[in-house]
Amino acid sequence: NRFSNRDYEVYGYTDKNSQYIFITDNIYSSIFVVTFVHEMYHALSMYYGFYDQHSGSWEEKTNQDEKLAEQFTIALGLGK
C-alpha cells in the first residue's frame, strides 16, 4: 500500500491516472472540508496541467504539488 510507511493517517488521495479523488473520511467529520478542498486543488492542478509543469521526478512533482495544495487550503482559511 502506497501509504503504509507514513506515520500519519491519510484522509484523501487524488489519482492522476484514474482522475478520481478518494476521501476516506465521512462528510460529518470536521476534517472532511479541509481534505476535500485540498484534494480538489490536486485535481485542478492535474486537470489544468500545473502538476506536469513542476520540475523533477514524479516524487518531486508530487511534493511540490502537495506544498501548493497546503498553501491553497491555508489561503482559504481552512488549514492544511
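A polar contact is a pair of N or O atoms within 3.5 Å; within protein, one atom must be able to donate a hydrogen and the other to accept it. Two such contacts between side chains are described below for this predicted model.

**Overall fold**

The chain comprises 3 helices and 2 strands, arranged along the sequence in the pattern β-β-α-α-α. Of its 80 residues, 28% are buried. When contacts between residues at least 6 apart in sequence are considered, 40% of them join residues at least 24 apart. The exposed area of the chain is about 5,800 Å², of which carbon and sulfur atoms supply 54%.

**Two buried residues with side-chain polar contacts**

Thr14 and His54 are set out in the table.

| Residue | Relative accessible area | Side-chain partner | Polar contact distance |
|---|---|---|---|
| Thr14 | 9% | Glu39 | 2.6 Å |
| His54 | 12% | Asp65 | 3.0 Å |

Thr14 belongs to strand β1. Its relative accessible area is 9%, and Thr14 is therefore classed as buried, the cut-off being under 20%. Beyond residues up to four places away in sequence, Thr14 touches Tyr20, Ile21, Glu39, His42, Ala43 and Met46. Glu39 is thus a contact of Thr14 and also the partner of its side chain in the polar contact of 2.6 Å.

His54 is located in the loop between α2 (50-53) and α3 (58-75). With a relative accessible area of 12%, His54 is likewise buried. Its side chain and that of Asp65 are joined by a polar contact of 3.0 Å. Setting aside neighbours within four places in sequence, the residues in contact with His54 are Ser45, Lys61, Gln64, Asp65 and Leu68.

**The second largest pocket**

Rolling a probe the size of a water molecule over the atoms shows where empty space is left. In this chain, the second largest pocket has a volume of about 170 Å³. Its lining consists of Thr14, Asp15, Lys16, Gln19, Tyr20, Ile21, Ala43, Met46 and Tyr47. By class, 5 of these residues are nonpolar, 2 are polar and 2 are charged.

Three elements, β1 (12-15), β2 (20-23) and α1 (32-47), each contribute at least two residues to this lining. The largest contribution comes from α1, with 3 residues.

Thr14 connects the two topics: this buried residue is one of those lining the pocket. Among the residues that Thr14 touches are Tyr20, Ile21, Ala43 and Met46, which also appear in the lining of the second largest pocket.

Note on methods:
Residues numbered from 1 in each chain as written. Predicted model: local features only at pLDDT ≥ 70, side-chain atom pairs only at ≥ 80, totals over all residues. Heavy atoms only, no water. Helix = DSSP H or I, 4+ residues; strand = E, 2+ residues; numbered from the N terminus. Buried < 20%, exposed > 50% of the residue type's maximum accessible area, 1.4 Å probe, protein only. Contact = heavy atoms within 4.5 Å. Areas by Shrake-Rupley, 256 points an atom, 1.4 Å probe, with all protein chains shown as cover. 1 Å grid on protein atoms, 1.4 Å probe; cavity = no way out; pocket = protein on both sides within 12 Å on 5 of 7 lines; lining within 4 Å. Points joined across faces, edges and corners; volume = space filled by probe spheres on them. Nonpolar A, V, L, I, M, F, W, Y, C, P; charged D, E, K, R; others polar.
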